[in-house]
Amino acid sequence: MNTFDSLKKTTVQKIRNLLAIERPWIKRAIKIIWISFFCVILLFPVFIYTVSIDLFGLYGGMPSLKAIENPENDLSSELISADGVSLGRYFRYNRSQVSYDELSKDLVNTLILSEDHRFYQHSGMDFIAYMRVLWGLITLNPKGGGSTITQQLAKNLYTMNPDMSLDGKIAQLGRYPKRLIQKTKEWIISYYLEKNFTKEEIIAMYLNTTSFGSNAYGIRVAAETYFNKPPDSLNLQESAVLVGMLQAITKFSPVYNPENSLKKRNEVLYKLVTHGYLTREAYDSIKQLPIELKYKVQNQNEGLATYFRNVIRTDLMNWCNEHGYDLWESGLKIYTTIDSRMQLYAEQALNEHMQYQQQLFDEHWKGRNPWIDDEWKEIKGFLQSRIKQTDTYKNLVARYGENSDSVKIMLNLKKPMTIFTWKGERDTLFSSMDSLNYYKRFLHAGLVSMDANTGAIKAWVGGINHKYFKYDHVRQGKRQPGSTFKPFVYGAALEIGYHPCFELYDISPSFTVSGTTWYPPNSDGKYGTGEKMNLRQAMARSINSITAQILQKVHPENVVKFAHRVGITSPLDAVPSLCLGVSDVSLYELVGAYGTFVNSGIYTEPYYITRIEDKNGNVIENFVPKTREAISEQTAYKMVYMLRGGVEESGGTSGGLGYDLKEENEIGGKTGTTNNASDGWYIGVTHNLVTGVWVGGDERSIHYRNWDMGQGSRTARPIWEKYMRKIYLDPAIEYKKGKFKQPKTGLDVTLNCDQYIVPADSIPVDEKPWDDFN
């Protein structure tokens with residue numbers, strides 16, 4: 001005898017006992033109840049029909065059959081690396097769909113046996129469960145609800161569908177009529193779901209539309225958030241934790257209520273025992289295990305490529321606006337050029353060196369403030385002026401008035417605060433002034449790595465920690481490039497016939513600037529040694545005086561045109577000091593411009609998105625890099641030869657690179673340091689990668705007290721070395737050592753300076769046909 005037959009027999013016997021009592025009013029009451037019951041049974045289908053069509057607007061709207069057959073939910077758009085790794089998502093509600101095949105067997109069975117063990121026997125409504133619920137109400141001993149998985153899915157879709165409404169006239173009569181209409185609509189939707197979807201599809205849809213707290217909507221995000229694994233890898237105890245949360249997310253959260261969660265997990269597991277899916281011995285063993293969380297809420301401050309994700313968000317939003325999509329809800333798949341392994345190595349390299357560099361900086365400035373003017377003296381009132389630029393100060397002024405003492409009091413009021421340190425986050429008591437004073441002392445950095453032949457960005461690190469320092473130093477930040485600009489000066493000269501072996505004396509030339517004479521000094525502050533050296537040696541050693549002589553010969557405006565042709569996009573001032581890199585540029589455009597030299601004179605605009613698909617996997621748009629011929633392949637290869645000089649020439653600023661990097665490998669590189677050492681740069685090139693690094697303070701006034709400690713070869717180049725070493729040690733990464741490609745037509749000159757002879761009939765530079773190049 002099954003449960004339903006037993007319940008029916010017991011109920012009938014109780015009714016007979018009541019009827020045996022000789023009290024006429026009881027018999028009349030029972031008769032009325034039976035008549036009412038049969039009326040309800042007869043009229044209920046009519047009621048359901050009137051609800052489904054919202055007769056006379058009494059019940060509120062229902063979604064169309066098409067909407068039920070194709071339920072929509074707001075899906076996060078996912079950013080995917082070139083090697084297939086998820087970099088992160090853009091979302092209002094962090095939701096990502098999975099198919100039934102992507103669910104573990106343990107998860108599916110745990111859900112069914114715990115929530116709806118007759119799932120495969122009913123058609124969306126479990127009448128046996130309803131009788132159990134009804135009897136529980138009669139006996140004042142309720143034992144669980146009667147909703148099926150299909151009904152719970154209907155409820156999820158009900159709350160998500162804008163066409164669903166409880167604004168009908170009857171629903172406005174009160175709580176209970178409203179509840180009746182809601183349940184009726186859920187039954188109707190359940191019927192259509194069962195009619196149009198398989199049981200497996202219903203399981204997947206339910207798990208995709210359920211919230212698990214911590215901004216995790218759907219089983220995929222939940223599995224990643226709580227256990228850092230995909231849903232097809234969830235084991236029994238992990239599945240039981242997540243299924244247990246379905247009844248009360250917060251109450252059974254393993255994060256906020258771990259004891260409740262453990263107890264609930266074991267209750268769910270015991271149901272598996274009662275239904276024969278799990279043996280008692282296995283249960284007794286598993287229930288002793290703790291909940292092993294790998295909890296991490298997904299947000300834009302966590303994971304790989306945080307700066308990259310946030311910087312390109314504007315580009316993606318513009319694309320979505322043009323094409324009619326919502327980045328936050330359309331479930332787009334955005335495939336990028338980023339390699340997750342290279343990205344990880346870049347972040348590791350930058351963090352490893354910056355932690356060391358910050359320690360040096362703190363020791364260097366111990367007991368003193370690092371903000372100094374051009375006279376190397378501390379800037380008085382620095383913090384007081386900077387606090388006025390903060391939102392905190394502006395909000396306090398708006399509240400109390402600019403001259404109110406309350407503003408100063410509140411700015412110096414200490415409060416609990418979590419701060420960034422290189423050893424991890426730390427809780428402390430800081431005022432707003434304390435916080436400003438603390439964070440202004442940090443050095444910052446950026447790194448971007450690009451495929452030299454395709455323009456594909458492979459790694460992008462915009463700063464040291466996105467949670468605490470939002471500003472991106474790859475594309476958003478622009479600073480003086482120092483000597484990393486010199487290749488454009490020499491490139492302009494090589495293009496019109498100068499040879500890398502052409503010799504000049506290390507003597508600073510004079511320029512007339514605003515009626516005064518200016519002599520560009522070398523990095524040591526002197527105006528030359530009188531030594532004779534060729535252009536390759538001069539660029540390798542970063543000799544300012546010879547770069548200035550070349551600028552004087554080819555003219556600043558022609559250098560500007562050359563730089564813009566090869567990829568610099570920022571405005572450049574055609575002034576004598578251009579040879580020292582005084583016009584602000586971004587790391588992003590510098591790397592793109594250096595790529596022109598490596599890529600045989602073809603400028604390829606750096607790009608980072610390859611294609612965008614809709615939520616169903618249909619390709620909406622493919623992206624191809626934009627290219628143009630900027631300079632001849634002869635000039636480009638000569639510039640590569642010049643850049644190699646930094647590594648190969650005696651005294652070259654890249655000469656200290658490790659032998660393990662140079663062995664069987666051609667490398668070019670250029671350091672850069674601004675006059676006061678507030679910016680340290682390094683651009684390193686190989687036959688297939690161009691990678692740039694910048695290091696500096698939050699403001700130009702924050703830097704080392706001497707140029708030597710802040711130079712790019714000390715601050716930036718070590719990051720490049722660490723990054724490239726990690727890449728070469730990983731056999732799975734496609735970027736290997738090798739030689740630069742030579743011009744297809746061969747070299748038009750010899751690059752052996754021992755054989756170079758200066759032409760006797762050199763044409764004055766002023767007579768060169770510049771218009772042929774610009």
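**Close-ups of a predicted model**

**View 1. Strand β17, covered on both faces.** One side of β17 carries Asp-679, Trp-681, Ile-683 and Val-685, the other carries Gly-680, Tyr-682 and Gly-684, and every one of these residues is buried. This is a predicted model, so keep in mind that what you see here is computed. The strand runs over residues 679-685, and because seven of its seven residues are buried, β17 is largely enclosed by the rest of the structure.

**View 2. β17 and its neighbour β16.** Strand β16 takes in residues 668-673 and pairs with β17 in the antiparallel sense, with six bridges between them. Look for Thr-673, which stands opposite Gly-680 of β17. The two strands make a hairpin, with five residues between them. In that turn sits Ala-677, whose phi is positive, at about 65°.

**View 3. β17 and its neighbour β18.** Here β17 meets strand β18, residues 689-697, again in an antiparallel pairing, this one over seven bridges. Tyr-682 is a handy marker: Val-693 in β18 stands opposite it. Three residues make the link in the hairpin from β17 to β18.

**View 4. A five-stranded open sheet.** Follow the strands across and you get β2-β1-β3-β13-β14, with mixed pairing. The edges belong to β2 (86-90) and β14 (619-622); each has a single partner strand, so one side of each is left without a neighbour in the sheet. From one strand to the next, the twist averages 20°. Zooming in on β3 (residues 333-336) and β13 (residues 609-613), the pairing is antiparallel and spans four bridges. Within it, Ile-334 has Ile-612 of β13 as its bridge partner.

**View 5. His-353 in helix α15.** The helix covers residues 340-364, and His-353 is part of it. With a relative accessible area of 4%, His-353 is buried, since the cut-off for that label is under 20%. Leaving aside residues up to four places away in sequence, His-353 touches Arg-714, Thr-715, Pro-718, Ile-719 and Lys-722.

**View 6. Trp-460 and the nonpolar cores.** The largest nonpolar core has 139 residues, and Trp-460, Phe-488, Tyr-723 and Ile-727 are the ones with the most contacts inside it. Trp-460 has plenty to look at: beyond residues up to four places away in sequence, its contacts include Ala-305, Tyr-307, Phe-308, Val-311 and Ile-338. Also among the residues touching Trp-460 are Leu-447, Val-474, Tyr-588 and Tyr-608, along with Gln-343, Asp-472 and Arg-475. Another core, of 43 residues, lies apart from the largest one; Leu-207, Ala-222, Val-241 and Val-268 are among its members.

**View 7. Stepping back to the chain, and its tail.** The protein chain has 29 helices and 18 strands. Of its 774 residues, 51% count as buried. Among contacts with a separation of 6 or more, 70% join residues 24 or more positions apart. The chain exposes about 37,200 Å², with carbon and sulfur atoms supplying 52% of that area. Confidence over the chain averages a pLDDT of 86, and 81% of the residues reach 70 or more. Residues 763-774 are another story: the pLDDT there is below 50, and the stretch has 19 contacts in the model beyond near neighbours in sequence.

Definitions and conventions:
Residues are numbered from 1 along each chain as its sequence is written. This is a predicted model: local features need pLDDT of at least 70, side-chain atom pairs count only at pLDDT 80 or more; totals for chains, interfaces and linings use all residues. Side-chain values use heavy atoms; hydrogens and water are left out. Buried means under 20% relative accessible area, exposed over 50%, partly exposed in between (1.4 Å probe, protein chains only). Two strands pair if DSSP finds at least two bridges between them. Contact means heavy atoms within 4.5 Å. Accessible areas come from the Shrake-Rupley method with a 1.4 Å probe; for residues, only the protein chains shown count as cover. pLDDT is the predictor's confidence in each residue, from 0 to 100. Axes are lines fitted to C-alpha atoms, for helices over the stretch in contact, and angles run from 0 to 180 degrees between N-to-C directions. A nonpolar core is a set of buried Ala, Val, Leu, Ile, Met, Phe, Trp, Tyr and Cys residues joined through side-chain atoms within 4.5 Å.
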